[in-house]
Amino acid sequence: ELINSVAEVYNWKNFYFPEVKNVITVPEAVLKTYEGIYLFEDKYAIVLPKEDGYYYLTDGVYSKMYFTSEKEFFNEEFLAEKTFLTDTSGNVTGFSRKVKGKEYSQAVKVENADTLSLPGDQLNTMGWYLLENKQYDKAISFLNRGIKLMPNDPIATGNLGHCYLFKGDFNKAIKLYQDFLFRAVGPYESVKDMISQDFVFFKNNGFDTVL
């Protein structure tokens, strides 16, 4: 990419041939069906809406989605061209991945967090990103699964408390915060400040501060 950038700036002939893609606008009703979590290899991706369009989140990177057809999209940050897959009823089941013509393993859409056997901390990370994007119900399902797999880890419990707080279930949130503090001992002592740090994040990122 660095060499290609230099070639483009200095106009090296017969060296760099950028691919031109025509981007289209996909109806919101179609985009809505793509929302969710997808698993591929040992990674996950989350497709979710933001103010300026739909984004593909993986490895902590929010990457805007650009569609070349109703099912095909690409991201500027990643090489793979992706195509959403559907079953005979039109339900989205995952997406295929291709890099320079080479097919890679397909991503599978997760419909039920309870079926996952991923590490609990990875489920907690998924839950946090869903919480971060105010998808509280989805976040709750992944955090609960993470707690079931790693019951001694207090972080998911604290994040679950946040979800119920912003859903308006204050009694549930308080109980979970108390449970978080109870569990944050021994090797987890250092996470006791997590709740206050998270509230700074919420305040700085437009979450409701008057509940």
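**A walk through the predicted model**

Let me begin with one residue: lysine 192 is partly exposed, with a relative accessible area of 35%. Its side chain meets that of glutamate 189 in a salt bridge, 3.5 Å from N to O, and glutamate 189 likewise counts as partly exposed, at 41% relative accessibility. I should say at once that what we are looking at is a predicted model, and that every value I quote is computed from it.

Staying with charged residues for a moment, a search of the whole structure finds 10 salt bridges. Some of these share partners, and in that way Lys32, Glu35 and Lys138 are joined into one network. In general, side chains of opposite charge can pair when their charged atoms come close.

Another pair is glutamate 41 and arginine 97, whose closest N and O atoms are 3.0 Å apart. This salt bridge links distant parts of the chain, since glutamate 41 sits in the loop between β1 and β2 while arginine 97 belongs to strand β8, 56 residues away. Are these two residues buried or exposed? Glutamate 41 has 57% relative accessibility and therefore counts as exposed, whereas arginine 97, at 9%, counts as buried.

Then there is lysine 43, which forms a salt bridge with aspartate 59 at 3.6 Å between the closest N and O atoms. Lysine 43 lies in strand β2 and aspartate 59 in the loop between β3 and β4, so this pair ties together parts that are 16 residues apart in sequence. Lysine 43 is partly exposed, at 36% relative accessible area, and aspartate 59 is exposed, at 54%.

Let me now step back to the chain as a whole. Its secondary structure comes to seven helices and nine strands, and its C-alpha trace spans about 65 × 45 × 35 Å along the principal axes. Of its 211 residues, 40% count as buried. The accessible surface comes to about 12,600 Å², and carbon and sulfur atoms account for 53% of that.

Next, the interior. The largest nonpolar core has 38 residues, and among those with the most contacts inside it are Ile37, Met126, Phe142 and Phe166. Strands and helices both contribute to this core, with β1, β2, β3 and the helices from α3 to α7 each supplying at least two residues. A second, separate core has 16 residues, including Tyr34, Val47, Phe73 and Ala107. Returning to phenylalanine 142, if we leave aside residues up to four places away in sequence, its contacts include Ile37, Val110, Leu123 and Met126.

Helix α7 deserves a closer look. Which of its residues are buried? They are Met194, Ile195, Asp198 and Phe202, and because they cover an arc of only 90 degrees around the axis, they lie on the same side of α7. The cover over these buried residues includes α3, α5 and α6, while on the other side of α7 we find Gln197, Lys203 and Asn204 exposed. After α7 comes glycine 206, whose phi is positive, near 80 degrees.

I will finish at the surface, where Phe170, Ile174 and Leu211 form a nonpolar patch with about 270 Å² of accessible area together. Of these, isoleucine 174 is found in helix α6, and with a relative accessible area of 46% this isoleucine is partly exposed.

Notes: Residues numbered from 1 in each chain as written. Predicted model: local features only at pLDDT ≥ 70, side-chain atom pairs only at ≥ 80, totals over all residues. Heavy atoms only, no water. Core = buried A, V, L, I, M, F, W, Y, C linked by side-chain atoms within 4.5 Å. Buried < 20%, exposed > 50% of the residue type's maximum accessible area, 1.4 Å probe, protein only. Helix = DSSP H or I, 4+ residues; strand = E, 2+ residues; numbered from the N terminus. Contact = heavy atoms within 4.5 Å. Patch = residues over 30% accessible without salt bridge, like charges linked within 9 Å, V, L, I, M, F, W, Y side chains within 5 Å. Areas by Shrake-Rupley, 256 points an atom, 1.4 Å probe, with all protein chains shown as cover. Salt bridge = Lys/Arg side-chain N within 4 Å of Asp/Glu carboxyl O. Arc of directions from axis to C-beta.
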